[in-house]
Amino acid sequence: VQGELSVVYRYPNGQIKRNAEFSPSGATFTEKVNLASEGTVQKLDRGWGNENTSTYDRGRHKIEFWWQGVRVNEVSFDVI
């Protein structure tokens with residue numbers, strides 16, 4: 001299976017987390033994904049936050065997962 005996985009990180013106010021160097025239009029990041037017949041996938045890791053201090057605003061944050069332009073899942077978490 002080959003395609004493009006996009007991840008959209010939304011702050012509580014709905015704004016998309018952007019990184020001017022890497023963020024494509026409408027997403028936080030995208031990756032080309034190639035699943036081999038053995039079922040391996042490249043690890044996607046991005047350093048969000050840090051262990052010493054919180055960089056998150058209070059409220060509900062959402063992370064959306066898009067495959068080939070279709071939203072396939074989302075997760076959320078609350079910062080209080």
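Which residues do ring pairs link into a cluster? The close-ups below, all taken from a predicted model, start with that one.

**View 1. Tyr9, Tyr11 and Phe77 form a cluster linked by ring pairs.** The count of aromatic pairs here comes to two. In one of them, Tyr9 and Tyr11 have ring centres 5.7 Å apart and planes at 65°, so this pair is edge-to-face. The other joins Tyr9 to Phe77: the centres are 6.5 Å apart and the planes sit at 65°, so that pair is edge-to-face too. Tyr9 belongs to strand β1 and Phe77 to strand β4, so their pairing ties together parts that are 68 residues apart in sequence.

**View 2. Here are the ring residues again, this time with an eye on exposure.** Tyr9 is buried, with just 1% relative accessible area. Tyr11 comes out as partly exposed at 23%, a value that falls between the 20% and 50% cut-offs. Phe77 also counts as partly exposed, with a relative accessibility of 30%.

**View 3. Ser6 sits in strand β1, which covers residues 2-10.** Is Ser6 buried or exposed? Its relative accessible area is 13%, so Ser6 is buried, given that anything under 20% gets that label. Setting aside neighbours within four places in sequence, Ser6 is in contact with Ala27, Phe29 and Thr30, and also with Glu64, Phe65 and Trp66.

**View 4. Strands β1 and β2 run antiparallel to each other as a pair.** How many bridges does the pairing of β1 and β2 extend over? There are six. If you want a spot to look at, try Gly3, which stands opposite Val33 in β2.

**View 5. Strand β2, residues 29-34, has one covered face and one uncovered face.** Phe29, Glu31 and Val33 make up the covered face, while Thr30, Lys32 and Asn34 are on the uncovered one. Two of these residues turn up in View 3 as well: Phe29 and Thr30 are among the contacts of Ser6.

**View 6. Gln68 is found in the loop between β3 (59-67) and β4 (70-79).** The backbone is the thing to check here: Gln68 has a positive phi of about 55°, even though it is not a glycine. For background, most residues other than glycine have a negative phi. As for exposure, Gln68 is partly exposed, with a relative accessible area of 49%; the exposed label would need a value over 50%.

Terms used:
Residues numbered from 1 in each chain as written. Predicted model: local features only at pLDDT ≥ 70, side-chain atom pairs only at ≥ 80, totals over all residues. Heavy atoms only, no water. Helix = DSSP H or I, 4+ residues; strand = E, 2+ residues; numbered from the N terminus. Buried < 20%, exposed > 50% of the residue type's maximum accessible area, 1.4 Å probe, protein only. Contact = heavy atoms within 4.5 Å. Pairing = 2+ DSSP bridges. Phe/Tyr/Trp six-rings, centres within 6.5 Å; stacked < 30°, edge-to-face > 60°.
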